[in-house]
Amino acid sequence: GLSRLDGGREPAVAFDHAIPAVAGGRDQQRNPHPELRDRVAELLGQIQVFADTHGNAIHLFERDCSVQRRHQKVVEVSPAVGLAATIRQSLAEAAIRLAREGGYFNARTIEFLVDVDPGGWYFIEVNPRIQVEHTVTEMVTGIDIVKEQIRVAAGLPLSFTQNDVKITGHSIECRINAECPDKFTPSPGTITAFNPPGGLGIRVE
């Protein structure tokens, strides 16, 4: 559930308000705060960061996860189209600083919102794990994130520096969800046929 949280409202109150929305299965596609429509962020994104136990910390640029339904990501893109270079740099620097000062190591994802006001962005959370959408980052950087995780977990330093990280082209990930076609609610079942896409640059996870 989602609940608006203003400066004068206690988080506990907002939490108590959000829980019944989940328990009651209220339609999460409806905007519970239409008065905030003009303040909707133009981009929901992530910065992929990597740190080792040798003092190295780098970023692998950003992913745009703005396309969602029922607050679930359905399309992820890297790099984010239309993101100003100054904002990209600011986000990357903040993500690395957070990783260092938070004592994180290995793969971490820093999530943020970019506001409609030029240059405005807001921190959301840190995901201290690899994510489904890490593949789009691998495709544009050529870096095997899972392999690098294993190296760092074994106590080895990162095998690349920030200057080694370059973006080539664009990558898009589309998630396939098992849902009821009438209500669009989760509805797993037996897979009776599977015809995966193929071709140059296509990846199926």
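Let's start at helix H4, which spans residues 145-153 and whose buried residues are Ile145, Glu148, Gln149 and Val152. Looking down the axis of H4, you will find these buried residues within an arc of 105 degrees, so they line one face of the helix. Keep in mind as you look around that this is a predicted model.

Now turn the helix over. On the face of H4 that points away from the buried side sit Lys147 and Ile150, both exposed. And what do the buried residues of H4 pack against? Their partners are three strands, S1 (43-51), S2 (57-64) and S6 (106-114), together with helix H3 (134-141).

The two ends of the helix are worth a visit too. At the N-terminal end, aspartate 144 acts as the cap of H4, with a side-chain oxygen 3.2 Å from the backbone nitrogen of valine 146. Just after H4 comes glycine 155, which takes a positive phi of about 90 degrees.

From here, let's move on to the second largest pocket, which has a volume of about 690 Å³. Its lining is made up of 23 residues, and those nearest the centre of the pocket are Cys174, Ile176, Arg203, Val204 and Glu205. Helix H3, already met as a packing partner of H4, returns here: H3 and strand S8 (171-174) each supply at least two residues of this lining. Strand S8 gives the most, with 4 residues. As for chemical character, the lining of the second largest pocket counts 13 nonpolar residues, alongside 6 polar and 4 charged ones.

How values were computed
Residues numbered from 1 in each chain as written. Predicted model: local features only at pLDDT ≥ 70, side-chain atom pairs only at ≥ 80, totals over all residues. Heavy atoms only, no water. Buried < 20%, exposed > 50% of the residue type's maximum accessible area, 1.4 Å probe, protein only. Arc of directions from axis to C-beta. Contact = heavy atoms within 4.5 Å. Polar contact = N/O pair within 3.5 Å; in protein donor to acceptor, adjacent residues only side chain to side chain. 1 Å grid on protein atoms, 1.4 Å probe; cavity = no way out; pocket = protein on both sides within 12 Å on 5 of 7 lines; lining within 4 Å. Points joined across faces, edges and corners; volume = space filled by probe spheres on them. Nonpolar A, V, L, I, M, F, W, Y, C, P; charged D, E, K, R; others polar.
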